[in-house]
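Student: Could you take me through the empty spaces in this protein? Please look closely at what surrounds them.

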Amino acid sequence: MRILMTTSAADGVWGYTAELARELDRLGHQVVLASLGGTLSDAQRGEIGDLERVTLHESDYPLDADDDETLASAAEWLEALQRATRCDIVHCNDYGPLQREWSVPTLLVAHGCRYAKWRVAHPKDAGTQWQRYRERVAAALRNARHVVAPTNAVLRELEESYADAGLHARASVIYKGVDSVRWTVGQERERLFVLGVGPLADEGKNLQCLAAAAETLPCPVLIAAAGRPERGRAPRAILLKRLPRSRLAVYYRRARVLAHPARYEPFGLTVLEAALSGCALVLGDIATLRELWGPAAVFVEPTDREALHDAIVTLLRRPDELAEFGRRARRHALRYSARAMALSYVRRYESLLTPSSSAAAQ
């Protein structure tokens with residue numbers, strides 16, 4: 001089978017597509033990765049450089065273009081690539097390419113909704129400025145032969161927000177996964193620090209709350225991929241630049257706690273990678289993270305800085321409990337494997353390629 005799969009340099013989408021492409025390669029399938037939204041780093045290219053059946057094509061088209069002309073040009077580039085590589089199926093990881101129907105079966109992975117994320121921080125605002133974005137999302141959901149969501153909570157959200165897209169008969173949930181062999185439990189936890197991963201400016205990931213809690217925590221707080229903070233907003237937290245996944249793995253192995261007080265998180269590959277590395281998890285109490293990590297994490301109200309502080313301090317003061325939550329997180333994380341994810345996608349691809357694909361996709 002030949003699969004044309006869109007990707008981007010964004011950490012979450014890239015990590016997911018790299019893991020999936022690697023497993024599909026192992027299963028004997030050809031994968032054509034088409035990158036949108038910015039240049040990939042050398043480290044990202046290196047993650048797939050040894051894969052025999054995976055080829056990479058990069059473009060300068062923006063990932064979330066606002067104008068129809070750019071969206072059309074990006075779709076035309078992808079369609080030409082599909083014809084040239086004779087791919088059997090198109091796997092889209094963003095909404096842009098599906099503003100019209102394709103001549104080959106299309107699968108759309110709805111990694112999240114920027115409007116839904118915005119509404120978390122602005123619940124009383126009707127958000128009329130998002131009308132065009134919502135129209136594009138709705139069009140993509142309608143045009144896709146099948147839609148995959150990363151959690152049941154995200155699927156419910158899409159069905160409610162885009163009720164006229166008719167998702168009920170054309171949607172399913174496939175959990176993301178990673179290769180546990182490449183994310184190992186560290187023996188280097190000689191330093192006592194708390195780790196967060198994500199931009200401080202991202203209201204959904206809510207790491208400003210962790211930066212604020214760092215003011216009174218009894219140990220260092222490191223935030224990777226933090227970006228530039230507003231003046232005075234993170235004076236005590238140690239802010240790290242964006243790191244390649246191989247380097248970030250070193251921090252996972254050394255951190256005692258991964259704090260992710262998210263207000264909006266469709267899946268959270270960072271949480272999975274940290275859990276496989278043996279970090280105890282302190283997470284925002286939201287539907288997606290509860291669904292994924294219910295028995296294996298400590299949950300806090302995302303906007304409650306004191307609750308986040310107290311949960312972390314309680315774990316740090318109880319070494320046995322801290323170690324147990326790290327072991328629990330690792331055991332629970334093993335269910336989210338890259339192989340299980342890839343096999344689920346292969347079954348979905350095959351159902352879309354059968355003559356009765358419309359019925360099989362249900």
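**Inside the cavities**

Tutor: Start with the second largest cavity, lined by Leu36, Pro62, Leu63, Leu71, Ala74, Asp94, Gly96 and Pro97. (A cavity is a set of points on a 1 Å grid over the protein atoms alone where a 1.4 Å probe fits but cannot get out; lining residues have an atom within 4 Å of a point.) This is a predicted model, and linings use all residues, whereas local features need pLDDT of at least 70 and side-chain atom pairs 80 or more. Numbering runs from 1 along each chain, and side-chain values use heavy atoms, without hydrogens or water.

This cavity holds about 40 Å³ (the space filled by probe spheres set on the points). Its lining has 6 nonpolar residues, 1 polar and 1 charged. Asp94 is charged and Gly96 polar under this scheme.

The model has 2 cavities of 30 Å³ or more. The largest has about 70 Å³ of space. It is lined by 11 residues, and Asp64, Tyr95, Gly96, Tyr133 and Arg136 lie closest to its centre. So Gly96 lines both cavities. Helix α5 (a DSSP run of H or I, at least four residues) covers residues 131-143 and gives the most to this lining, 3 residues. By class, the lining of the largest cavity has 6 nonpolar, 2 polar and 3 charged residues.

How values were computed: 1 Å grid on protein atoms, 1.4 Å probe; cavity = no way out; pocket = protein on both sides within 12 Å on 5 of 7 lines; lining within 4 Å. Helix = DSSP H or I, 4+ residues; strand = E, 2+ residues; numbered from the N terminus.
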